[in-house]
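Student: I have a new structure open and don't know where to begin. Could you walk me through how to read it?

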Amino acid sequence: MNNVFIQTKDGIIEILRGMLTVFKHVYRPPITLEYPEKKPELSSRYHGSLALLVNQDGTDVCGGCKSCMKVCPCGDLIQISTSKDKNNKLVVDKFTIDIGRCIFCGNCTEVCPKKSLIMTNEYELADFSRESLVLDKKKLSLSPEQSEKWREMFDKDI
Ligand code: SF4
Ligand code: SF4
């Protein structure tokens with residue numbers, strides 16, 4: 001009998017403790033967001049989808065050194081092919097990244113000597129086929145205005 005009273009008392013104490021926790025949080029601002037209507041503000045250092053910056057005149061910043069390709073731990077998901085122009089300068093003919101296999105480690109962006117390859121804050125990457133996750137140079141390249149915006153964001157971060 002005594003045991004029943006002790007258990008009832010403990011139960012009531014636990015309920016009150018639970019209610020106290022609820023009331024403590026009633027007037028606090030929520031820390032969650034109603035995604036996808038509301039989206040978080042992300043740092044420029046967020047590891048989102050990869051992109052290529054371009055110069056102000058829209059030409060490639062990438063020099064085709066292939067360092068990003070060599071440092072990627074996921075095998076051959078970066079594919080680059082180059083040729084030489086009449087001035088013997090490397091031209092990037094093909095640049096693809098299979099974003100569906102990328103683990104977003106950022107090695108490729110860190111090793112890029114031209115600061116051409118970056119990680120954006122784009123994280124909504126789901127698609128209906130694996131093929132559509134293979135991004136070519138056109139899809140990867142940002143506009144000159146977007147490229148400038150990203151450079152400014154990186155400068156502020158340092
Ligand atoms: S972020 Fe990492 S896994 Fe993805 S392409 Fe770059 S090096 Fe490869
Ligand atoms: S490391 Fe940079 S410059 Fe070299 S190929 Fe990759 S993106 Fe281009």
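Tutor: Let's start at a turn, and keep in mind that this is a predicted model. In the hairpin of β2 and β3, five residues lie between the strands, and Asn-88 there takes a positive phi near 65°.

Student: In which sense do β2 and β3 pair, and over how many bridges?

Tutor: They're antiparallel, with seven bridges between them. For one such pair, look at Ser-81, whose bridge partner in β3 is Lys-94.

Student: What is the order of the strands in the open sheet?

Tutor: The order is β2-β3-β5, three strands with antiparallel pairing. Look for strands that pair on one side only: here β2 (78-84) and β5 (134-135) are the edges. On the other side of the hairpin pairing, β3 and β5 are joined by two bridges. Ile-97 is a residue to click on, as it stands opposite Leu-135 in β5.

Student: Now the inside. Which residues have the most contacts in the largest nonpolar core?

Tutor: The general idea is that in soluble globular proteins, nonpolar side chains tend to be buried together. Here the largest nonpolar core has 17 residues, and those with the most contacts inside it are Leu-50, Leu-52, Cys-68, Ile-97, Cys-108, Leu-117 and Ile-118. Two or more residues come from each of β1 (50-52), β3 (90-98) and β4 (117-119).

Student: Can we zoom in on Leu-52? What is Leu-52 in contact with, beyond its neighbours within four places in sequence?

Tutor: Its contacts include Cys-62, Phe-95, Leu-117 and Leu-140. Ser-116, Lys-137, Ser-141 and Leu-142 are on that list too.

Student: There are two ligands as well. Which residues come nearest to each?

Tutor: Take them one at a time. Around ligand 1 there are 14 residues, and the nearest are Cys-72, Cys-102, Cys-105, Asn-107 and Cys-108. Ligand 2 also has 14 residues around it, with Cys-62, Cys-65, Cys-68, Cys-112 and Leu-117 coming nearest.

Student: How do the residues of each shell divide into nonpolar, polar and charged?

Tutor: For ligand 1, the shell holds 12 nonpolar residues, two polar and no charged. For ligand 2, count eight nonpolar, four polar and two charged.

Student: Last one: why does the length of helix α1 agree with what it should span?

Tutor: Multiply it out at 1.5 Å a residue: the 25 residues of α1 (residues 2-26) should span 36 Å, and the end C-alpha atoms are 37 Å apart, so the two agree. As for cover, α1 has hardly any: zero of its 25 residues are buried.

Conventions
Residues numbered from 1 in each chain as written. Chains lettered and ligands numbered in written order. Predicted model: local features only at pLDDT ≥ 70, side-chain atom pairs only at ≥ 80, totals over all residues. Near = placed C-beta within 6 Å. Nonpolar A, V, L, I, M, F, W, Y, C, P; charged D, E, K, R; others polar. Core = buried A, V, L, I, M, F, W, Y, C linked by C-beta atoms within 7 Å. Buried ≥ 20, exposed ≤ 12 C-beta atoms within 10 Å, placed from the backbone. Helix = DSSP H or I, 4+ residues; strand = E, 2+ residues; numbered from the N terminus. Contact = placed C-beta atoms within 7 Å. Pairing = 2+ DSSP bridges. Expected span 1.5 Å × (residues − 1).
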